[in-house]
Amino acid sequence: MSTKAPEGAKEVEDFYGVYLLYCTNPKYKGRTYIGYTVDPNRRISQHNRGTHAGGAWKTSNKGPWEMVLIIHGFPNDISALRFEWAWQHPKHSRRLNGLPPKKSREKSFDFCLRLLASMLNLGPWHKLPLTVRWLKPEYQVEFPLDLQPPLHMPIVHGPVKSKKVGQKKGKKNCKKSEEVQHIPEETESDLLCNICFSDVTVSQRVVCLYPKCAAVSHILCLGMEFTRGTEDILPIKGECPTCGGEEIWGNVVRKKRGCYEELEESEATNGSDDE
């Protein structure tokens, strides 16, 4: 089975995802599996090829499996692995053990989605810049009206492929990237924060997600601006003080870490997501 991404797959940088598998084997049909990956296309291939190829023993020799849904946008592997563990072990999770358990006639797939709907609305996950992606739209189930994902979490459709931060297409872009990396920090000292109007160094700054704006701020100043007038301790989203464009805090941080270097103006609102 090929590990290549399907044609037209959405590229996502700095990818950490937690996925849901659905078994289509008539003997085991309806069984599910929850896992973590940084490369969904390679991972589904491993599951379907068996343990000798790196697949999990719980899925080995029970395929074929479909990766129907993946949640991505976690800031790091630890955050994603904690989400995976809680989704796999709701009875042992202090955040989920108060939720109604699986009903006797409830299908495993439906129970997993019921848990997911609650998890996306519980701390700390409800503040993360997550994306709910249906890789196989034919399996999509609508979330309950009272458990819709937070407004900053888009529900999108279609295949996805992971991309390393800073990975470029073509030698020209690679050379340009190398040149940027070697700019001394002191040459950037004439940049001013658009909030406090003090000098901003490279290590302190974050840049607006909108390419036509590209305003810079101190990360602390922008964080305080996003939480001003709210009860939030950590910023979730806000507006750029210069252009007024809405930004999700997690995507601002991802841009600081090197993501979205090829972001187009039309993509900025969703932080490079496709829908």
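**Helix crossing and sheet: a quick chat**

Guide: Let's start with the helices: in this predicted model, α2 passes α3 in a right-handed crossing.

Visitor: Nice. Which residues of α2 and α3 make the contact?

Guide: On the α2 side they are Phe83, Ala86 and Trp87, and α3 brings in Cys112, Leu115, Leu116 and Met119.

Visitor: How do those divide into nonpolar, polar and charged?

Guide: The contact of α2 with α3 has seven nonpolar residues, no polar ones and no charged ones.

Visitor: And at what angle do the axes of α2 and α3 cross?

Guide: Roughly 130 degrees, with the axes of α2 (residues 77-88) and α3 (residues 108-119) coming within 10 Å. That angle makes α2 oblique to α3.

Visitor: OK, switching to the sheet. What order do the strands have?

Guide: The sheet is open, with five strands in the order β3-β2-β4-β5-β6 and mixed pairing.

Visitor: Which are the edge strands?

Guide: β3 (32-37) and β6 (155-157), each of which pairs on one side only. From one strand to the next, the twist averages 25 degrees.

Visitor: What about β4 and β5, in which sense do they pair?

Guide: Antiparallel: β4 (residues 65-72) and β5 (residues 131-134) are joined over four bridges.

Visitor: Which residue in β5 stands opposite isoleucine 70?

Guide: That would be arginine 133.

Visitor: Last one: which strands does helix α1 lie across?

Guide: α1 (residues 40-49) lies across β2 (17-23), β3 and β4, and runs at about 145 degrees to β4.

Conventions
Residues are numbered from 1 along each chain as its sequence is written. This is a predicted model: local features need pLDDT of at least 70, side-chain atom pairs count only at pLDDT 80 or more; totals for chains, interfaces and linings use all residues. Side-chain values use heavy atoms; hydrogens and water are left out. Axes are lines fitted to C-alpha atoms, for helices over the stretch in contact, and angles run from 0 to 180 degrees between N-to-C directions. Helices (H or I, at least four residues) and strands (E, at least two) are DSSP runs, numbered from the N terminus. Angles under 35 degrees count as roughly parallel, over 145 as roughly antiparallel, 65 to 115 as roughly perpendicular and the rest as oblique. A crossing is left-handed if the near helix is turned anticlockwise from the far one by less than a right angle, and right-handed if clockwise. Contact means heavy atoms within 4.5 Å. Ala, Val, Leu, Ile, Met, Phe, Trp, Tyr, Cys and Pro count as nonpolar, Asp, Glu, Lys and Arg as charged, and the others, Gly among them, as polar. Two strands pair if DSSP finds at least two bridges between them.
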